[in-house]
Each structure stands twice: as structure tokens, then as C-alpha cells.
Amino acid sequence: MKFFAVLALCVVGAIASPLSADQANLVQSSWAQVRNNEVDILAAVFTANPDIQARFPQFAGKDVAALKDTAAFATHAGRIVGFVSELVALIGNESNAPAVNTLVGQLAASHKARGISQAQFNEFRASLVAYLQANVSWGDNVAAAWTQGLDNIFGLLFSKL
Ligand code: HEM
């Protein structure tokens, strides 16, 4: 019985393996290199995943290169990338866990209501990592820190989606 109680606690949304201070620094310093490239990042996600673009009524079916110059695209890119920035700023400090939980809970609720699947979130993740790999000082240690951080966030997200 005790075993199941412990298992349930593990499954219900706790961050599995918090990042070490060094790993949090690696994620934060690499993110700082691209965090202002909001439009570029969302354009890379849309280009790699037309199915994600198709979920946005105002962007569906439009040419991504042309969209990049519009205010509506910049606004939405700012929201998504700004959300990543909020999470990145909170990692590495256990006392921020409740804030992370609240933010991820809001993302899950608003996107569950839109019917966004885990598969699409995984596509987003893969495109984000590909963008980082191409645009920041990348290496095995940076990759491992991002993998662990994203595993934590996506584990939490999928437990709520
Ligand atoms: C993976 C596939 C995703 C799809 C298909 C998707 C789709 C959408 C749609 C249709 C909207 C409403 C846009 C509008 O108001 O016109 C939206 C809003 C938003 N999305 Fe996503 N989204 C995805 C992933 C993400 C991710 C990974 C993040 C954060 C890192 C994110 C953050 C937001 C935010 C902050 C908003 C605005 C607030 C809200 O309405 O919830 N989205 N998303």
C-alpha cells in the first residue's frame, strides 16, 4: 500500500530530477543567446511543423516568410518564447517549484481546451532543440542540461494535459 502511495506521489506532477546549479546555469546562459529571436524561433517551429501552424486560425496556410513581417506573428512569437523565458528563469531553484507548477498547469489547461496533442508538443520540443543546437554554443553538457530540463517540464505538462 505504502509503495502505491509513493508511486502516486511520483507520478502526480513532481519534478523528477531537478537540475543542478551548473545545469541550470548552462540552460540559462544558452537561452540568453537566443531569447530575443522570438520571431525566428516561431518561424522555425512553423516551417518544420505545418500541422502546428495549421492550428492557428490567423496563420494557417500562409507563407511563413511573409508572416514573419507581421505584427500579429511577432505578438504571438513573443507570447510563446516569453513563456519559455519565464520557465528558464525559474529553474535551478527548488523554491520556484510551485510557480513552475502553476505556469505549466495554465499552459496545459489552455492547450487541452484547444485539443493540442502530446505529439504536437513533442514536435515543438524537437524544433526548439534543433534551433538551439544551430544558434547557441552547443556541446554535450549543454545538450544534457536541456534534455533534463525539458524532460522535467514535459513530464509535468503531460501529467496535466
Ligand atoms: C505544440 C503545439 C502548439 C499549438 C498547436 C499551439 C496552439 C496555440 C493556439 C491556437 C493559441 C491561440 C492563439 C490565438 O490566440 O490566436 C495558442 C496560444 C498560446 N500558446 Fe500555444 N500552441 C502550441 C504550443 C505552445 C507551447 C509549447 C507554448 C509555450 C512554450 C505555448 C504558449 C502559448 C501561449 C503563452 C499562448 C497565449 C495564451 C493562451 O491563449 O494560452 N504554446 N497556442
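This report describes the surroundings of the ligand in a predicted model and then turns to its salt bridges.

**The ligand and its shell**

The ligand occupies the space that forms the largest pocket, and 17 residues stand around the ligand, of which Phe56, Gln58, Ser110, His111 and Arg114 come nearest. When the residues of this shell are sorted by class, nine are nonpolar, five are polar and three are charged. Three helices, namely H6 (71-90), H7 (97-113) and H8 (118-135), each contribute at least two residues to the shell, and the largest share, five residues, is supplied by H6.

**Polar contacts and the iron atom**

Among the residues that come nearest to the ligand are Ser110, His111 and Arg114, and the table gives, for each of them, the distance between a polar side-chain atom and an atom of the ligand.

| Residue | Atom of the ligand | Distance |
|---|---|---|
| Ser110 | oxygen | 3.0 Å |
| His111 | nitrogen | 2.9 Å |
| Arg114 | oxygen | 2.6 Å |

His111, which is found in helix H7, also has a part in binding the metal, for its NE2 atom is the only protein donor of the iron atom of the ligand, at 2.1 Å.

**Salt bridges**

Side chains of opposite charge can pair when their charged atoms come close. A search of the whole structure finds two salt bridges, and one of them joins Lys68 to Asp40, with the closest N and O atoms 3.0 Å apart. Because Lys68 lies in the loop between helix H5 (64-67) and H6, while Asp40 belongs to helix H3 (residues 38-48), this pair ties together parts that are 28 residues apart in sequence.

How values were computed:
Residues are numbered from 1 along each chain as its sequence is written. This is a predicted model: local features need pLDDT of at least 70, side-chain atom pairs count only at pLDDT 80 or more; totals for chains, interfaces and linings use all residues. Side-chain values use heavy atoms; hydrogens and water are left out. A residue is near a molecule or strand if one of its heavy atoms lies within 4 Å of it. A polar contact is a pair of N or O atoms within 3.5 Å; within protein, one must be able to donate a hydrogen and the other to accept it, and residues adjacent in sequence count only if both atoms are side-chain atoms. On a 1 Å grid over the protein atoms alone, a cavity is a set of points where a 1.4 Å probe fits but cannot get out, and a pocket is an open set with protein on both sides within 12 Å along at least five of seven lines; lining residues have an atom within 4 Å of a point. A molecule sits in a cavity or pocket if more than half of its atoms lie within 2 Å of its grid points. Helices (H or I, at least four residues) and strands (E, at least two) are DSSP runs, numbered from the N terminus. Ala, Val, Leu, Ile, Met, Phe, Trp, Tyr, Cys and Pro count as nonpolar, Asp, Glu, Lys and Arg as charged, and the others, Gly among them, as polar. Donors are N, O and S atoms within 2.8 Å of the metal (3.2 Å for Na, K and Ca); water is not among the atoms, so sites may look incomplete. A salt bridge is a side-chain nitrogen of Lys or Arg within 4 Å of a carboxyl oxygen of Asp or Glu.
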